[in-house]
Amino acid sequence: MTRNIYQERYYQKNREEINRKNRERYQNDPEFRASRKRIQAKFRQTERGKEKQREDGRKYHQRHAVKLKNRERIFISNKRQNPRGRNCELCGREQNLNYHHWTDEHPEWGMWLCKSCHISVETFDRGYLDNYPELKEMIQNESSSNSPSSRS
Ligand SMILES: [Zn+2]
């Protein structure tokens, strides 16, 4: 896949056009695609190919890490301020607070909660508390109909 100086000049001059044509051919020509894949697989076996793969992996990781970091930075800077200062917005106790939010699209939709309130609202958001009042009543009814006083 090495090019001589004239081929290189030609390539540099027409790079976009050549790349576009190659991409098109790669998509539409199964034989071309297969031969390209064979060449790539062979290249990956060589020392240079292995080094290139490691390099690509590093670059991908870096790009991705930067993206994630930016997203996190944006998220943190958009958190809603706690109007109650260092106190839980639900129970009012002064505790270490967690930021509870329900959609990454809106980091400003959030509340500052102590650990136990945070667990409670997470449970609530999952819908696990929906049956709580009913379950409570059912258990009370069961036990009063089974209790010694009602049996006698
Ligand atoms: Zn709380």
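I'll start with the core. In this predicted model, the largest nonpolar core is made of 7 residues: Cys-88, Leu-97, Met-111, Trp-112, Leu-113, Cys-114 and Cys-117. Strand β2, residues 110-113, gives the largest share of that core, 3 residues. As general background, nonpolar side chains in soluble globular proteins tend to be buried together.

Take one member of the core, Cys-88. Which residues does Cys-88 contact, leaving aside neighbours within four places in sequence? The list is Arg-93, Gln-95, Leu-97, Trp-112, Leu-113, Cys-114 and Cys-117. Among those contacts, Leu-97, Trp-112, Leu-113, Cys-114 and Cys-117 also belong to the core.

Now strand β2 itself. Are its residues buried or exposed? Gly-110 and Trp-112 on one side are buried, and so are Met-111 and Leu-113 on the other, which leaves both faces of β2 covered. In a regular strand, side chains alternate between the two faces of the sheet.

The partner of β2 is strand β1, residues 98-101. The two strands run antiparallel and are joined over 4 bridges. One of the pairs to look at is His-101, whose bridge partner in β2 is Gly-110.

Next, the helices. Helix α3 covers residues 30-45 and helix α4 covers residues 47-77. How do they pack against each other? Their axes are 4 Å apart and meet at an angle of about 95 degrees. Angles from 65 to 115 degrees count as roughly perpendicular, so α3 and α4 are roughly perpendicular to each other. On the α3 side, the contact is made by Phe-43, Arg-44 and Gln-45. On the α4 side, Gly-49, Lys-50 and Gln-53 make it. Sorted by class, this contact has 1 nonpolar, 3 polar and 2 charged residues.

Last, two serines in helix α6, which spans residues 132-146. Ser-144 is in that helix, and Ser-145 is there too. Why does Ser-144 count as exposed? A residue is exposed if 12 or fewer other C-beta atoms lie within 10 Å of its own, and Ser-144 has 10. Ser-145 has 9 C-beta neighbours inside 10 Å, so Ser-145 counts as exposed as well.

Two distances, both C-alpha to C-alpha, place these serines relative to other parts of the chain. Ser-144 and Asn-96 are 48 residues apart in sequence and 41 Å apart in space. For Ser-145 and Asp-56, the separation is 89 residues in sequence and 71 Å in space.

Methods
Residues are numbered from 1 along each chain as its sequence is written. This is a predicted model: local features need pLDDT of at least 70, side-chain atom pairs count only at pLDDT 80 or more; totals for chains, interfaces and linings use all residues. A nonpolar core is a set of buried Ala, Val, Leu, Ile, Met, Phe, Trp, Tyr and Cys residues joined through C-beta atoms within 7 Å. A residue is buried if 20 or more other C-beta atoms lie within 10 Å of its own, exposed if 12 or fewer, and partly exposed in between; C-beta atoms are placed from the backbone. Two residues are in contact if their C-beta atoms, placed from the backbone, lie within 7 Å. Two strands pair if DSSP finds at least two bridges between them. Axes are lines fitted to C-alpha atoms, for helices over the stretch in contact, and angles run from 0 to 180 degrees between N-to-C directions. Angles under 35 degrees count as roughly parallel, over 145 as roughly antiparallel, 65 to 115 as roughly perpendicular and the rest as oblique. Ala, Val, Leu, Ile, Met, Phe, Trp, Tyr, Cys and Pro count as nonpolar, Asp, Glu, Lys and Arg as charged, and the others, Gly among them, as polar.
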